[in-house]
Amino acid sequence: MRSRAGAVGVLVQIAFRNLFASTAKTLIVGGIILVGALLVVVGSSLLDTVDRGMRGSIQGSLAGHLQVYNARSKDDLALYGGMTGESQLEVIPDFAALKAVLEKVANVKDVVPMGIDQAMVSTGNELDVALEKLREDVRRRETGDASAERRRQYEAHKAHVRRMTELLQAELRESRSIADEKYLREREAEWKDLDRATAGAFWDGFDRDPLASLEFLENRVAPLSLSNGFTFIRYAGTDLDAYQRGFDRMRIVEGTTVPKGQRGILLGKLYAEDWLKLKTARRLDRIRDALHVQKKRIAEDEELSRWVKENQAATRDILMQLDPLRAEEATRRLRAALRSSRTDLHELLVELLTTDDRNFDERYAIFYRDLAPLLQLYMVKVGDSITIKAPSKSGYMSSVNVKVYGFAEFRGLEKSALAGIMSLMDLVSWRDLYGYVTAEKAAEIREIQRGAGARDLPREQAEAALFGSAAPAAVATGRAVRIDDPVLAGVAKRKADAALYSRVYSQAEIDHGVALNAAVTLHDPARLRQSMKDVKDALARAGMDMKVVDWQKASGLVGQFVSLARIILYTAVFIIFAVALVIINNAMVMATLQRVKEIGTVRAIGAQKRFVLAMLLLETGVVGVAFGVVGAALGAGVVWLIRARGGIPATNDQLYFFYSGPSLIPELGTASLGVALAIVAVVSLLSGVYPALLATRVTPLEAMQSGDD
Amino acid sequence: MPAIVAVENVSKIYTLGKTEVPALRGVSLQIHRGEFLSIAGPSGSGKTTLLNLIGCVDTPTAGRVMVDGKDTKDLSERALTDLRLHRIGFIFQTFNLVQVLSVFQNVEFPLLLQGGLKRKEREGRVRALLEAVGLAEHVRHRPSELSGGQRQRVAVARALVTRPPLVLADEPTANLDSQTGGHIIDLMKEMNSKDGTTFIFSTHDPKVMSHATAIVRIADGQVAGREAGAAAASGRR
């Protein structure tokens with residue numbers, strides 16, 4: 001027994017000493033294994049972090065863990081939009097019924113209703129903004145503020161609006177000169193309104209009835225503005241309260257959340273930056289990012305040079321915003337900041353915005369310090385209400401006014417044009433916009449429209465709709481009723497909006513109604529597969545024809561990135577180790593051939609084949625483990641070093657998305673260490689097997705050959 | 001007293017590509033315990049082949065080789081290896097020490113493969129043998145630090161450490177100068193007379209041959225004759 005240990009001892013000694021005896025071979029083989037282990041540790045740490053980050057960003061912003069939607073939908077659910085725009089989904093007729101079923105499933109934490117769509121936001125124009133200011137002045141004057149300061153501001157705002165109407169008239173005159181007869185006849189009334197608004201008589205008489213004058217300008221003149229633009233907005237209508245409970249990545253960067261049960265919208269910060277921000281400011285931001293984060297240079301980059309030129313050319317947007325008082329202030333400030341002798345604000349602005357690599361930071365600071373406070377940087381402010389229009393299900397445009405409570409962004413997706421541009425709206429407004437209302441509300445509207453006698457919803461069916469039914473598909477048609485024509489306008493609408501904004505909807509009102517998809521979050525995400533099956537089973541038992549997909553499938557292309565990154569790493573690891581395997585195998589075969597005589601001698605003296613096999617496997621094994629451990633340790637060191645230096649900075653928006661933040665700070669998982677060591681052990685063993693088998697074929701006869709040893 | 005080695009009408013044919021090369025053609029030979037036998041013959045005569053067959057590292061094409069009462073043809077590869085380990089000691093022309101092991105470890109190696117001895121016993125036996133071959137001072141050395149003669153002494157010690165009844169030596173002096181070679185043969189002879197270990201060695205050096213108690217001459221793969229060596233008379237006394 002002792003001697004077995006002795007044989008093992010001598011085996012280990014031979015193996016070890018052989019390693020030291022042939023240093024070159026050991027170092028080559030060991031070096032490859034070391035590098036391999038290092039790469040696996042670093043690579044998988046980085047990737048795990050990317051994976052965890054993206055997973056967190058996607059799950060925590062919109063996807064949850066599972067998504068449930070109507071199985072009769074034409075398209076697959078694509079939370080971030082598909083290849084051909086929004087996916088066409090059949091509605092979930094009664095979210096409350098679905099929620100009741102899902103909430104009973106084990107491991108389900110929250111069920112959040114959603115309706116994702118694109119819509120147009122009418123962003124208003126400079127004239128609207130100026131009129132708003134003027135209205136504010138009028139209001140204050142009426143409440144008794146008669147200070148000289150107020151008076152001066154009122155006159156300045158009036159002059160601003162008057163100048164804008166003149167500019168508008170000039171613009172329209174140009175477009176009229178190329179229009180045909182029919183167009184001109186149709187627009188005759190508009191042209192008369194504009195004539196009136198620019199006439200001296202109108203402005204002389206403005207103060208006699210300022211509110212009526214404002215009303216005229218707001219309703220008849222402002223809509224004529226050519227710069228009255230629309231932007232597209234992608235939003236998710238959702239139960240905002242439930243959303244905030246279930247999703248942790250949304251962060252309000254300005255403003256507040258929408259009060260519980262009320263209508264309102266949280267605009268995506270990225271959307272606001274890209275679409276609502278003053279273009280000049282936005283371009284300055286992007287140039288700054290390019291210079292500081294991506295280390296580009298204006299002089300060398302065509303796009304940056306173009307932005308600078310566009311900024312120089314686009315002073316009109318700024319000039320239009322400034323009433324005479326502010327324009328004067330801006331001129332004063334810019335002259336001081338630029339130490340310029342110019343007196344023309346336009347020229348000063350061009351000078352300010354003529355930037356190069358040397359002066360950019362200074363000019364950027366001047367812009368935000370001196371000019372920005374005088375401007376409205378975003379077309380929409382917190383507290384504003386915006387009009388959102390979208391084609392409803394039947395094809396007509398429907399529109400809702402919602403109050404902007406704040407700007408929101410999703411942690412990790414701040415710069416992702418694909419995933420981070422989302423805005424969040426209350427579910428009730430979404431239903432109005434999408435063209436679906438609850439059965440109760442539809443009935444109510446119809447009663448108002450047709451008089452008390454005209455009911456087209458039979459009582460039994462209405463009851464079924466209220467209390468749920470065993471056949472949800474049948475109820476669906478009765479429950480989802482379209483309204484397509486928003487009628488109210490002007491002052492009446494303003495009042496109606498105010499009433500609408502303060503209306504608080506109960507949880508039942510929010511839940512009882514349609515949704516397009518339901519996000520399900522889980523207590524234990526590790527049991528996702530099982531829970532997915534449980535959810536499917538529960539839905540089948542309840543007779544609900546729903547599709548259940550995991551977060552990754554639901555997030556479409558965006559979700560694929562996670563898998564893609566993983567596949568790339570695994571492929572790289574596979575290739576590295578396949579190459580390593582071949583090289584190590586070759587080195588070991590060569591080494592074996594060099595030791596034929598020694599092996600033959602050992603065999604002649606009386607060592608069995610298995611001794612030789614064990615000896616050689618031990619050699620590669622020892623090299624593999626020793627260098628693998630060192631490589632893994634070095635890898636851990638590299639990961640630590642990356643962390644100590646603040647991570648790998650995201651030098652462009654794509655990387656920002658992959659990193660789920662401004663930099664990738666890798667975390668060393670025990671899993672990646674374990675995997676690295678396991679791979680190394682397997683590879684070194686595999687690469688050692690063939691040479692070892694080759695060695696067992698060496699016969700004792702080899703020992704008898706003459707020749708030096 | 002039965003022969004320790006009995007070779008009965010053995011032939012061995014090597015195939016080199018398509019041609020068959022007969023190395024041994026009907027060799028018969030009996031070797032008795034305690035003999036110090038030399039197999040002599042010019043190179044290519046088949047003496048190494050004969051030694052390999054006796055040493056169980058090769059098996060005959062025809063005929064029978066009995067070693068220590070066992071027919072080598074009946075034994076598996078594993079059993080042949082065991083037979084070599086326990087019953088035969090080898091001394092090679094090129095010494096064939098394990099380079100990475102020390103002198104002591106090289107000698108100890110067969111004992112470790114055998115197993116069965118306690119550490120103390122084992123080390124005692126190795127030390128005694130190394131003393132007997134005059135290398136007590138060199139136990140910690142590596143083979144590369146030794147001269148040819150010293151290396152062959154280590155090899156002799158390694159061959160004898162398991163106390164085998166039979167030791168085979170293929171041209172043990174071929175790589176040594178004649179004086180050193182003489183010392184090695186003297187050493188082997190000493191072990192032969194002390195323990196009665198049977199030695200079979202091949203050589204074509206007449207001076208070495210002269211130490212043998214019997215000389216078997218091989219030519220063209222056949223036994224050309226067996227004669228008593230010069231040492232026979234003194235050996236039997």
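## Chain B as a whole

Among contacts in chain B between residues at least 6 apart in sequence, 69% are between residues at least 24 apart. The model described here is predicted. Chain B contains 8 helices and 10 strands. Of the 237 residues in chain B, 49% are buried.

## Strand 8 and its neighbours

Strand 8 of chain B covers residues 198-203, and 6 of its 6 residues are buried, so the strand is largely enclosed by the rest of the structure. The side chains alternate in direction: Thr198(B), Ile200(B) and Ser202(B) point one way, while Phe199(B), Phe201(B) and Thr203(B) point the other way. Residues on both sides of strand 8 of chain B are buried.

Two strands are described here as partners of strand 8 of chain B. Strand 3 of chain B, residues 36-40, runs parallel to strand 8 and is joined to it by 5 bridges. Within this pairing, Ile39(B) has Ser202(B) as its bridge partner. Strand 7 of chain B, residues 166-170, also runs parallel to strand 8, and 5 bridges join the two. Here Asp170(B) stands opposite Ser202(B). Between strand 7 and strand 8 of chain B the chain passes through helix 6, residues 178-195, and this β-α-β crossover is right-handed.

## The antiparallel sheet

Chain B also has an open sheet of 4 strands in the order 2-1-4-5, with antiparallel pairing. The edges are formed by strand 2 (19-31) and strand 5 (70-71) of chain B; each has a single partner strand, so one side of each has no neighbour in the sheet.

Strand 1 of chain B, residues 5-16, is joined to strand 2 of chain B by 9 bridges, and the two run antiparallel. In this pairing Val5(B) stands opposite Ile31(B) of strand 2.

## Where chain B touches chain A

The contact between the chains involves 29 residues from chain B and 27 residues from chain A. On the side of chain B, the elements that give two or more residues are helix 1 (47-54), helix 2 (77-87) and helix 3 (103-114). Helix 3 of chain B provides the largest share, 6 residues.

Sorted by class, the side of chain B that touches chain A has 12 nonpolar, 11 polar and 6 charged residues.

## Two residues with positive phi

Most residues other than glycine have a negative phi. What is the phi of Asn9(B)? The value is near 50°, which is positive, and the residue is not a glycine. Asn9(B) belongs to strand 1 of chain B, the strand that pairs with strand 2 in the antiparallel sheet. With 13 other C-beta atoms within 10 Å, Asn9(B) is partly exposed, since a residue is buried at 20 or more such neighbours and exposed at 12 or fewer.

A positive phi also occurs in chain A, where Asn107(A) has a value of about 80° although it is not a glycine. Asn107(A) sits in the loop between helix 3 (95-103) and strand 2 (108-124) of chain A. Asn107(A) has 19 C-beta neighbours inside 10 Å and therefore counts as partly exposed.

Definitions and conventions:
Residues numbered from 1 in each chain as written. Chains lettered and ligands numbered in written order. Predicted model: local features only at pLDDT ≥ 70, side-chain atom pairs only at ≥ 80, totals over all residues. Pairing = 2+ DSSP bridges. Right-handed = clockwise from strand over helix to strand, strands pointing away. Contact = placed C-beta atoms within 7 Å. Nonpolar A, V, L, I, M, F, W, Y, C, P; charged D, E, K, R; others polar.
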